[in-house]
Each structure stands twice: as C-alpha cells, then as structure tokens.
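Colleague: I am new to this structure and would love a close look at one part of it. Could you walk me slowly through how its pieces pack together, residue by residue where that helps?

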Amino acid sequence: MIYTIIVNDRSYDLPKKTIALTEQMDKISRIDSQKGLFLREKYKTLFEFVEKLVGPDNAMEIFGSDDLSEVDLSDVTLTFRKIVDSYNTPVS
C-alpha cells in the first residue's frame with residue numbers, strides 16, 4: 001500500500017505502516033496530555049517524526065528550515081496530522 005501526503009502542492013511518499021510506526025504515532029498523538037512536557041519538547045518530537053518519515057531534505061522543503069526555532073509550528077502540527085490521516089485512511 002502507498003501512503004502519501006500533500007503539502008504546499010507537493011506529494012511526499014511515506015514508509016509502510018508497521019506496528020512500530022503505529023505505536024510511535026499513537027505515543028506522539030497523546031503528547032498533549034503529558035504533564036510537565038515543555039512546548040519545545042513537544043514540537044521537537046513532532047518535527048523529528050516528520051523528518052524521519054519524509055527525510056531531512058523533504059522536511060526542510062516542507063518547513064522552510066531545518067531549525068525548529070525558525071519553523072511555523074502550525075505547519076509542524078498540520079503535517080503530522082496529514083501523516084496520521086494518510087495512515088488511517090480506510091483500506092478499500
């Protein structure tokens with residue numbers, strides 16, 4: 001099965017959906033409910049997850065920078081959600 005996200009009118013293929021990847025996505029999805037987690041840690045986790053899946057060059061293209069301090073955090077959140085949605089699309 002092929003998983004893809006569209007960001008800024010560009011298509012990015014994602015790796016296959018494995019149990020390890022699904023567990024990691026689930027853990028990251030629950031990050032807002034973790035007490036004592038600083039915002040920087042939250043967004044760093046999301047950023048690194050996206051970077052891992054699409055590759056550093058593509059992540060830089062998506063976010064416009066490889067420096068978390070310069071990235072629009074809404075773009076990070078939206079890209080992560082697009083990834084989750086892509087993997088959760090029902091198999092037809």
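Modeller: Happy to, and what follows is a tour of the helix packing with a short stop at one loop. Please keep in mind that this is a predicted model.

Let us begin with helix α1, which spans residues 19-29 and has Leu 21, Met 25 and Ile 28 as its buried residues. Looking down the axis of α1, you would find these buried residues within an arc of 65 degrees, so they line one face of the helix. There is a simple pattern behind this: an α-helix has 3.6 residues a turn, so residues three or four places apart point the same way. The face of α1 turned away from the buried side carries Ile 19, Glu 23 and Lys 27, which are exposed. On the buried side, the cover over those residues includes α2 and α4, and each of these partners deserves a visit.

Take α2 as a partner of α1. Their axes lie 11 Å apart, and the two helices pack at an angle of about 155 degrees, which makes α1 roughly antiparallel to α2. The crossing of this pair is left-handed. From α1, the residues Leu 21, Gln 24, Met 25 and Ile 28 meet Thr 45, Leu 46, Phe 49, Lys 52 and Leu 53 from α2. Sorted by kind, the residues of this contact comprise six nonpolar, two polar and one charged.

Turn next to α4 as a partner of α1. Here the axes come within 12 Å and cross at roughly 135 degrees, and the two helices are therefore oblique to each other. The handedness of the α1 and α4 crossing is again a matter of record in the model's geometry: left-handed. On the α1 side you will find Leu 21, Met 25, Ile 28 and Ser 29, and these meet Phe 80, Ile 83, Val 84 and Tyr 87 of α4. The residues of this contact divide into seven nonpolar and one polar, with no charged residue. If you compare the lists, the buried residues of α1, Leu 21, Met 25 and Ile 28, appear in the contact with α2 and also in the contact with α4.

Now move along the chain to helix α3, residues 56-63, where Ala 59, Ile 62 and Phe 63 are buried. Viewed down the axis of α3, the buried residues fall within an arc of 80 degrees, so they line one face of this helix. They pack against the strands β1 (3-7) and β2 (10-14), and against the helices α2 (39-54) and α4 (73-88). Just after α3 comes Gly 64, with a positive phi near 80 degrees.

How do α2 and α3 sit against each other? Their axes come within 6 Å and cross at roughly 125 degrees, which makes α2 oblique to α3. The crossing of α2 past α3 is right-handed. Phe 47, Val 50, Glu 51 and Val 54 of α2 make the contact with Pro 56, Asn 58, Ala 59, Ile 62 and Phe 63 of α3. This contact is made up of seven nonpolar residues, one polar and one charged.

Two residues of α4 are worth a closer look. Thr 77 lies in this helix and counts as buried, at 19% relative accessibility, because buried means under 20%. Beyond residues up to four places away in sequence, Thr 77 touches Tyr 43 and Leu 46. Ser 74 also has its place in α4, but it is partly exposed, with a relative accessible area of 46%. The C-alpha atoms of Ser 74 and Tyr 43 are 9.7 Å apart, although 31 residues separate them along the chain.

Last comes the loop between β1 and β2, where you will find Asn 8 and Asp 9. Most residues other than glycine have a negative phi. Asn 8, which is not a glycine, has a positive phi of about 50 degrees, and Asp 9 has a positive phi near 65 degrees. Asn 8 is exposed, with a relative accessible area of 58%, and Asp 9 is exposed too, at 78%.

Note on methods: Residues numbered from 1 in each chain as written. Predicted model: local features only at pLDDT ≥ 70, side-chain atom pairs only at ≥ 80, totals over all residues. Heavy atoms only, no water. Buried < 20%, exposed > 50% of the residue type's maximum accessible area, 1.4 Å probe, protein only. Helix = DSSP H or I, 4+ residues; strand = E, 2+ residues; numbered from the N terminus. Arc of directions from axis to C-beta. Contact = heavy atoms within 4.5 Å. Axes fitted to C-alpha atoms, helices over the stretch in contact; angles between N-to-C directions. Parallel < 35°, antiparallel > 145°, perpendicular 65-115°, else oblique. Left-handed = near helix turned anticlockwise from the far one by under 90°. Nonpolar A, V, L, I, M, F, W, Y, C, P; charged D, E, K, R; others polar.
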